[in-house]
Number of protein chains: 2
Amino acid sequence: MNILIVHAHPENLSFTSALKDKAQQTFEKLGHNVEISDLYAMNFNPVASQDDFQSLNQPDYLNYALEQRHAFKQHQFSQDIQTEIEKVQRADLLILSFPLYWTSVPAILKGWIDRVFVSGLFYGGKRFYNHGGMRGKKAMLCLTLGGRDHMFGENTIHGPIEHYLSSIQRGTLAYAGFEVLPPFIAYHVPYISHEARQKLLTDFESHITQLDQLKALEFPLLENFDDKMHPL
Amino acid sequence: MNILIVHAHPENLSFTSALKDKAQQTFEKLGHNVEISDLYAMNFNPVASQDDFQSLNQPDYLNYALEQRHAFKQHQFSQDIQTEIEKVQRADLLILSFPLYWTSVPAILKGWIDRVFVSGLFYGGKRFYNHGGMRGKKAMLCLTLGGRDHMFGENTIHGPIEHYLSSIQRGTLAYAGFEVLPPFIAYHVPYISHEARQKLLTDFESHITQLDQLKALEFPLLENFDDKMHPL
């Protein structure tokens, strides 16, 4: 397998970064190829703008998705976007590695999605969910957070973590056609002992060693909806 | 009222920008003071990093939330963050104005939250939800998207839009103590007629003219949970 890890933590010594390193080591030991986009190290620009295109189809009015479609046909993306697109195209498995910031991804990772998941290639027209442009590829989140696991779920203080992750897991990855594997979630990380962190690293190693046995999350099949996306 | 509109669209001529202008005009006509943070126009930096602090408490290991708490006590935030914090402190109502990118906010707005909603002031310890640092203030989303409204809700192709918005409405605004008013959502915007857009502008004007009559969204009260945040 070719594996792309997109990593978004400003501190190399962080536990989130240790999980990323553990993933790389484990996958390489299993014989896979691992590529890493370390967004902070790359100083990745997360702001979608007209500078993302080498030429504009409609210079007097920026419709970002339409410019993406144009740029995809004409091979006119800025170099940083083109490079990331090709990494995703090479990958069989995409891992997003991040600390949960405000119950979502840090802005630098949100911007990687905004700019790299381009219309025309990742989705477009009726090509989404199980017909999305990235069908055949897998994706998985690996995230750390400060909250405890008992704070998430039905009838808890914060409610189901799946709701917070739905923008990424459903609205982004599944929408673009990825098969989404269960996330690895490391709770309460800033407050736990060295031993507890070591156990999390071992748990993560098991999680990714047994990827084949993980049951993918379930999302809609377009076949169950009509042309206007009403349920059949 | 003092109203802060944080706006995140790269195109001034966009319908999202027209909604922002409509909000400003309407609120000013009603006698309110309106301040606008137009993030694209400001070239706002959305990437949380050690550069956000004029001095670091722990220079050899970046713990972003801990540095925020330190910087809050010592008045050591970078100037752009300090300016935005003061705008929020002045505001009685915060409006986030954005196009939905990948079922969430554009990266430039996510980064405004990541960097401005600082630990120590917006939350900290047991100060969250109805005890959050911004209690007494209101907040509201105004967003545009391409999808149709029948594509969202229970048993629809995309599921409830509230799930996608929960990172912002619950995990961010409500968590920080804001009373969250029902969002204004403009569906299918890139595909609708000029007349349909004019109707949306009128609908939005009604929405914000009758803010007092809008029932705030409901979120947990800390009084219903014990010290460890288990439900009582």
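This is a guided tour of a predicted model with chains A and B, moving from the symmetry to the interface and then to single side chains.

**The two copies**

Start with both chains on screen. Superpose chain B on chain A: the fit has an RMSD of 0.0 Å, after a turn of 180° and a shift of 0.0 Å along the axis. That is the relation of a two-fold axis. Both copies use the same surface, and 100% of the contact residues of chain B recur in chain A.

**The interface**

Now select the residues in contact between the chains. Chain B supplies 54 residues and chain A supplies 54 residues. About 4,400 Å² is buried between them, with carbon and sulfur atoms giving 62% of that area. On the chain B side, pick B:Trp102, B:Lys110 and B:Ile157. These three lose the most area to chain A, together 19% of what that side buries.

What kinds of polar pairing cross the interface of chain B and chain A? There are 29 residue pairs in polar contact, both residues at pLDDT 80 or more. Salt bridges across this interface number zero.

Colour the helices of chain B next. Helix H3 (64-74), H5 and H6 each supply at least two residues of the side that touches chain A. H6(B) gives the most to that side, with seven residues.

**A:Ala107**

Zoom in on A:Ala107, in helix H5 (residues 107-116) of chain A. Its relative accessible area is 1%, so A:Ala107 is buried. Show its contacts, leaving aside neighbours within four places in sequence. They are A:Pro46 in its own chain, and B:Pro46, B:Ala107, B:Lys110, B:Gly111 and B:Asp114 across in chain B. For scale, draw a C-alpha to C-alpha line from A:Ala107 to A:Gln50: these residues are 57 apart in sequence and 19 Å apart in space.

**Aromatic pairs**

Switch on the aromatic rings. The count comes to 32 aromatic pairs over all chains. Go to A:Trp102 and B:Phe117. Their ring centres are 5.6 Å apart and their planes stand at 90°, so the pair is edge-to-face. The pair crosses between chains. A:Trp102 sits in the loop between strand E3 (93-99) and H5 of chain A, and B:Phe117 in the loop between helix H5 (107-116) and strand E4 (138-144) of chain B. A:Trp102 counts as buried at 12% relative accessibility. B:Phe117 also counts as buried, at 1%.

Move along chain B to B:Phe152 and B:Tyr164. Here the centres are 6.2 Å apart and the planes are at 90°, so this pair is edge-to-face. B:Phe152 is in the loop between E4 and helix H6 (161-174), while B:Tyr164 is in helix H6, so the pair ties together parts of chain B that are twelve residues apart in sequence. Both residues are buried.

Then select a wider group. One aromatic cluster is formed by A:Trp102, B:Trp112, B:Phe117, B:Phe122, B:Tyr123, B:Phe128, B:Tyr129, B:Tyr175 and B:Phe178.

**Salt bridges**

Next, the charged side chains. The structure holds 22 salt bridges over all chains. Three pairs are worth a stop here.

- Select A:Lys199 and A:Asp203: their side chains meet in a salt bridge at 2.9 Å, N to O. Both lie in helix H7 (residues 194-209) of chain A, four residues apart, about one turn of the helix. A:Asp203 is partly exposed, with a relative accessible area of 29%.
- Select B:Lys29 and B:Glu205, which form a salt bridge at 3.8 Å, N to O. B:Lys29 is in helix H1 (residues 15-29) and B:Glu205 in helix H7 (residues 194-209), so the pair ties together parts of chain B that are 176 residues apart in sequence. B:Lys29 is exposed at 68%, and B:Glu205 is partly exposed at 23%.
- Select B:Asp52 and B:Arg115, bridged at 2.9 Å, N to O. B:Asp52 is in the loop between helix H2 (39-42) and H3 of chain B, and B:Arg115 is in helix H5, 63 residues apart. Both are buried.

Back in chain A, show A:Lys22, A:Lys29 and A:Glu205: salt bridges that share partners join them into one network.

**Last stop: A:Lys87**

Select A:Lys87, in helix H4 (residues 79-90) of chain A. Is this lysine buried or exposed? A:Lys87 counts as buried, at 10% relative accessibility. Its side chain makes a polar contact with the side chain of A:Ser37 at 2.8 Å. Not counting residues up to four places away in sequence, A:Lys87 touches A:Leu4, A:Glu35, A:Ile36, A:Ser37 and A:Met42.

Technical notes:
Residues are numbered from 1 along each chain as its sequence is written. Chains are lettered from A and ligands numbered from 1 in the order in which they are written. This is a predicted model: local features need pLDDT of at least 70, side-chain atom pairs count only at pLDDT 80 or more; totals for chains, interfaces and linings use all residues. Side-chain values use heavy atoms; hydrogens and water are left out. Buried means under 20% relative accessible area, exposed over 50%, partly exposed in between (1.4 Å probe, protein chains only). Contact means heavy atoms within 4.5 Å. Copies are superposed by least squares on the C-alpha atoms of residues with pLDDT of at least 70 in both. Rings of Phe, Tyr and Trp (its six-membered ring) pair if their centres lie within 6.5 Å; planes under 30 degrees apart count as stacked, over 60 as edge-to-face and the rest as tilted. Buried area is the accessible area (1.4 Å probe) that two parts lose on being put together, summed over both. A salt bridge is a side-chain nitrogen of Lys or Arg within 4 Å of a carboxyl oxygen of Asp or Glu. A polar contact is a pair of N or O atoms within 3.5 Å; within protein, one must be able to donate a hydrogen and the other to accept it, and residues adjacent in sequence count only if both atoms are side-chain atoms.
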